[in-house]
Amino acid sequence: MNAFELTANDEMIAWLKVLRRPEADEERVYHGFFATEDVAGCLDVALDPLPFRNKEACPLCQRPSHQLRWVRYSSPADAWARGGGVLGALSLCDKCGIQVQFTADQH
Ligand SMILES: [Zn+2]
């Protein structure tokens, strides 16, 4: 697999803006490139945000990349079984409940 990146385009940002914001006492849900339940399964694999300080800021609240939550995202097992799995670094905005940027590992 070649390295690739995903960032929100204008159409996606427009969609993310109309989503309901998460309540403080709710379980975190992050909308974006990947299914929210798949992202929820990766939240315990946290990454140090400092190496990502020059990445994309949140497109909604402009929070800089090193203040976002970074996790190691891996596709669920069935995606790997179909040959469509991806692995890489994913940034999440806790305030907006969105996925901001995904950088796939190079294999
Ligand atoms: Zn945000």
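Leucine 47 has tryptophan 70 of E3 as its bridge partner, which is a convenient place to enter this predicted model. Local features are reported here for pLDDT of at least 70 and side-chain atom pairs only at pLDDT 80 or more, while totals for chains, interfaces and linings use all residues. Residue numbers start from 1 along each chain as its sequence is written.

The same region offers a second pair, since alanine 46 stands opposite valine 71 in E3. E2 and E3 run antiparallel and are joined by 2 bridges; two strands are counted as paired if DSSP finds at least two bridges between them. Helices (H or I, at least four residues) and strands (E, at least two) are DSSP runs numbered from the N terminus.

Moving across the sheet, strand E3 (residues 69-74) pairs with strand E4 (residues 87-93) in the antiparallel sense, over 6 bridges. Within this pairing, arginine 72 has alanine 89 of E4 as its bridge partner. E4 is in turn joined by 6 bridges to strand E5 (residues 98-104), again antiparallel, and here cysteine 93 is partnered by isoleucine 98 of E5. A hairpin is formed by E4 and E5, with 4 residues between them. In its turn, glycine 97 adopts a positive phi of about 70°.

Taken together, 5 strands make up an open sheet with antiparallel pairing, in the order E1-E5-E4-E3-E2. Its edges are strand E1 (5-7) and strand E2 (46-47), each of which pairs on one side only. In general, strands of a sheet pair through backbone hydrogen bonds, either parallel or antiparallel.

For the protein as a whole, 3 helices accompany the 5 strands, and the elements follow one another from the N terminus as β-α-α-β-β-α-β-β. The radius of gyration, taken over C-alpha atoms, is 13 Å, close to the 13 Å that the globule rule gives for 107 residues, so the protein is as compact as a globular protein of that length. That rule is 2.2 Å times the number of residues to the power 0.38. Along the principal axes, the C-alpha atoms fill a box of roughly 35 × 30 × 30 Å. Contacts (C-beta atoms, placed from the backbone, within 7 Å) with a separation of 6 or more come to 59% from residues 24 or more positions apart.

Of the 107 residues, 20% count as buried, meaning that 20 or more other C-beta atoms lie within 10 Å of their own; exposed residues have 12 or fewer, and partly exposed ones fall in between. The largest nonpolar core (buried Ala, Val, Leu, Ile, Met, Phe, Trp, Tyr and Cys residues joined through C-beta atoms within 7 Å) has 15 residues, of which Cys58, Leu68, Val71, Leu92, Cys93, Ile98 and Val100 touch the most other members. E3, E4 and E5 are the elements that give two or more residues to this core. Leaving aside residues up to four places away in sequence, valine 100 touches Glu56, Cys58, Pro59, Leu68, Ser91, Leu92 and Cys93.

A contrasting site is glutamine 62, in the loop between E2 and E3. Glutamine 62 is exposed, with 8 other C-beta atoms within 10 Å, and its phi is near 65°, a positive value in a residue other than glycine.

Note on methods: Contact = placed C-beta atoms within 7 Å.
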